[in-house]
Amino acid sequence: MSLLDTLIARSVPLLPKFVVRRVASRYVAGETLDEAVAVIRRLNAEGCRATVDLLGEFVKDAGEARANADAYSGIVDRLDSEKLDANVSIKLTAFGLDLGKNVCLDNARRVVDKAASKGSFVRIDMENTPYTDATLEIFTTLRRATDRVGVVLQAYLRRTPSDIDAHLHLAPNFRLCKGIYREPRTLAWKDPATINRNYVHCLRKMFAGGAFVGIATHDEKLVFEALALIDELKVPKGRFEFQMLLGVDDELRKIILGLGHPVRVYVPYGRDWYGYSCRRLRENPKIARYVARAMLPF
Ligand SMILES: Cc1cc2nc3c(=O)[nH]c(=O)nc-3n(C[C@H](O)[C@H](O)[C@H](O)COP(=O)(O)OP(=O)(O)OC[C@H]3O[C@@H](n4cnc5c(N)ncnc54)[C@H](O)[C@@H]3O)c2cc1C
């Protein structure tokens, strides 16, 4: 990133909301499930799978957490009735993790049971480190009942290689990503090259341990490393897929598809778009150009 891009990325919380919304619209399918379904249908037609994220997190009210679980159950039903090649991704803080593990587990279990009954799948996104232990505990409890649930691990965390070891006995379905939250140096690697090395190290452990892996990255170097590992370890086709975010590097998505590998696209939608959009904006290496364009009145 250039110095200007880095400065603007750090100032995202100061940007007017209309600017964030304009620039981030490429990352979000819309505000309604109908809009998300239209995007998924297009992605399926292009040969991509999808995973749906109903935007929202850090819920402090039990009724709201329950309503989020109900909404997700409705999404699972809709994906099934429309015969879309798509599953759901959930954030446990939207299901009441701040209100207690049991509240959250009950809500998550309802969605996982619904997904399992439809032959679908629930991915538990990984949030910031105050929630890592609880997220892995809830994943473990749910996984003991069904294989229709998986979790995300973050390569920037120093603990991730041992988290892999601790969960391999579950024959887990992992998504591996770099990690998006601001974490202290005591917990997270900070140097991009080290994060990449840890990503490859973790991916190797996951493959060698027999896990399914959603290889979630737009970093071409990591895509290359993943392909090399798949080749070296002779990882069977059904044991991995690549995963990318809506609105990021469509060309790389097509390249991976062209190589004959499955790609799943993360499709967020909903009214609570601000937090997610800020995180995406901060990662856009050309943020200065996009923000300048969004400031124009036409
Ligand atoms: C499917 C999926 C699910 C994810 N789930 C989680 C999760 O549960 N928890 C979590 O902490 N993180 C999650 N992430 C985010 C992830 O941790 C990274 O923050 C994000 O993917 C950027 O990392 P990267 O591997 O693409 O590498 P980067 O080095 O950040 O990006 C590589 C290249 O991709 C392009 N790029 C990346 N982001 C953008 C952007 N916003 N706009 C334009 N171009 C961009 C740029 O060309 C950049 O040079 C997820 C990512 C994906 C793809």
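## Where the two domains meet

The domain assignment splits this protein into domain 1, made of 1-25 + 273-298, and domain 2, covering 29-272. Keep in mind as you look around that this is a predicted model. Taken over C-alpha atoms, the centres of domain 1 and domain 2 lie 25 Å apart.

Let's look at how the two parts touch. On the domain 1 side, nine residues make contact with 14 residues of domain 2. Together the two domains bury about 1,000 Å², and 49% of that area is on carbon and sulfur atoms. Of the area that domain 1 buries against domain 2, 59% comes from Trp-273, Tyr-276 and Arg-279, more than from any other three residues.

Here is a short overview of the interface between domain 1 and domain 2:

| Item | Value |
|---|---|
| Domain 1 residues in contact with domain 2 | nine residues |
| Domain 2 residues in contact with domain 1 | 14 residues |
| Salt bridges across the interface | two salt bridges |
| Polar contacts across the interface | three residue pairs |

Now for the polar side of the story. Two salt bridges are found across the interface of domain 1 and domain 2. Arg-21 forms a salt bridge with Glu-31, and their closest N and O atoms are 2.9 Å apart. The interface also holds three residue pairs in polar contact, with both residues at pLDDT 80 or more. Which helix gives the most to the side of domain 1 that touches domain 2? That is helix 11, residues 274-283, with seven residues. By character, the residues on this side of domain 1 comprise five charged, three nonpolar and one polar.

Technical notes: Residues are numbered from 1 along each chain as its sequence is written. This is a predicted model: local features need pLDDT of at least 70, side-chain atom pairs count only at pLDDT 80 or more; totals for chains, interfaces and linings use all residues. Side-chain values use heavy atoms; hydrogens and water are left out. Domain bounds come from an automatic or database domain assignment. Contact means heavy atoms within 4.5 Å. Buried area is the accessible area (1.4 Å probe) that two parts lose on being put together, summed over both. A salt bridge is a side-chain nitrogen of Lys or Arg within 4 Å of a carboxyl oxygen of Asp or Glu. A polar contact is a pair of N or O atoms within 3.5 Å; within protein, one must be able to donate a hydrogen and the other to accept it, and residues adjacent in sequence count only if both atoms are side-chain atoms. Helices (H or I, at least four residues) and strands (E, at least two) are DSSP runs, numbered from the N terminus. Ala, Val, Leu, Ile, Met, Phe, Trp, Tyr, Cys and Pro count as nonpolar, Asp, Glu, Lys and Arg as charged, and the others, Gly among them, as polar.
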